[in-house]
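Subject: A structure for you to explore

Hi there,

Here is the structure I promised to pass on. Have a look at it first, then read my notes below with the 3D view open.

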Amino acid sequence: MTTISISNREILSLDLTTIVAPIDRWLTTDPKQFNLDLKLAIDYHQDPQDPRELSEIPEVRLWFIRLDAVHPYLPLILDWQAGELARYVAMLVPHQFSRKDGIQYNPEALEIWVMHRVFLLTDWLDRQQIVDRSRLKFMTQMLGYELDDGLFQLLEG
């Protein structure tokens, strides 16, 4: 596992410098091995009286939106077991928190994000000459979606 600390300054300046090096290292070594298990330690200074979760703070969400635009394959290398995928998606998809059920994504927004991500990552995997779609399928399963192999065959044309 690789933990990257993201500072308040980086968030406020939309600076991705800290995260670029480990991702570039992974990309240049062997992107076919999804073993980075990246964890992001967000050090955003928040008033102790502020009850918002990080995903409810516009500055933090904006930093994640920029990160996602620059590194759209990042969900594949996050540490899913540590909840990084759920938090990452929460930064990009409208949601609500429930004390009983935890995070509740807007269903339509989540479906759009998942399908967009499937199309984007399928193309990215093809460019990396990675034919195995199991990591992508598992990622969507973690978000409540089951992908049929027929979708990938359709995309292959």
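Helix α7 is followed by Gly157, which has a positive phi, near 80°. Please keep in mind as you look around that this is a predicted model. At the other end of the helix, where α7 starts, a side-chain oxygen of Asp148 comes to within 2.7 Å of the backbone nitrogen of Gly150.

You can find a similar pair of details at helix α5. At its start, the backbone nitrogen of Glu108 has a side-chain oxygen of Asn106 within 3.1 Å. Just after α5 comes Gln129, with a positive phi of about 60°. The helix itself covers residues 107-127, which makes 21 residues. From first C-alpha to last, α5 reaches 30 Å, close to the 30 Å expected at 1.5 Å a residue.

Which residues of α5 are buried? They are Ala109, Leu110, Trp113, Val114, Arg117, Val118, Leu121, Thr122, Trp124 and Leu125. The elements that cover them include the helices α2 (17-29), α3, α4, α6 (134-142) and α7 (149-156), together with strand β4.

Now for the aromatic rings. The structure holds 4 aromatic pairs. One of them joins Trp63 and Phe64, whose ring centres are 5.1 Å apart with 80° between the planes, an edge-to-face arrangement. Why does Trp63 count as buried? Its relative accessible area is 1%, and buried means under 20%. Phe64 is buried as well, also with a relative accessibility of 1%.

Phe64 has a second partner: its ring centre lies 5.9 Å from that of Tyr88, and the planes meet at 70°, so this pair is edge-to-face too. Phe64 belongs to helix α3 (residues 58-70) and Tyr88 to helix α4 (residues 84-92), so the pair ties together parts that are 24 residues apart in sequence. Both Phe64 and Tyr88 are buried. Put together, Trp63, Phe64 and Tyr88 make one aromatic cluster.

Another ring to look at is Trp80, because it has a charge over it: the definition asks for CZ of Arg within 6 Å of the ring centre. Arg135 lies over the face of Trp80, at 3.8 Å from the ring centre.

Next, turn to the strands. Strand β3 (residues 95-98) pairs with strand β4 (residues 102-105) in the antiparallel sense, over 4 bridges. The two form a hairpin, with 3 residues between them. Within this hairpin, His95 stands opposite Tyr105 in β4.

His95 also leads us to the loop between β2 and α3, where Ser55 is found. The side chains of His95 and Ser55 are joined by a polar contact of 3.0 Å. Is Ser55 buried or exposed? Ser55 is buried, with a relative accessible area of 4%. Leaving aside neighbours within four places in sequence, Ser55 is in contact with Arg61, Ala90, Met91, His95 and Phe97.

Glu56 sits in that loop between β2 (38-43) and α3 as well. Glu56 is partly exposed, with a relative accessible area of 37%. A polar atom of the Glu56 side chain lies 2.6 Å from the backbone nitrogen of Glu53. For a sense of distance, try Glu56 and Phe119: they are 63 residues apart along the chain, and their C-alpha atoms are separated by 27 Å.

Enjoy exploring, and write back with any questions!

Best wishes

Notes. Residues are numbered from 1 along each chain as its sequence is written. Side-chain values use heavy atoms; hydrogens and water are left out. Rings of Phe, Tyr and Trp (its six-membered ring) pair if their centres lie within 6.5 Å; planes under 30 degrees apart count as stacked, over 60 as edge-to-face and the rest as tilted. Buried means under 20% relative accessible area, exposed over 50%, partly exposed in between (1.4 Å probe, protein chains only). A charge sits over a ring if NZ of Lys or CZ of Arg is within 6 Å of the ring centre and within 35 degrees of the ring normal. A polar contact is a pair of N or O atoms within 3.5 Å; within protein, one must be able to donate a hydrogen and the other to accept it, and residues adjacent in sequence count only if both atoms are side-chain atoms. Two strands pair if DSSP finds at least two bridges between them. The expected span of a helix is 1.5 Å times one less than its number of residues. Contact means heavy atoms within 4.5 Å.
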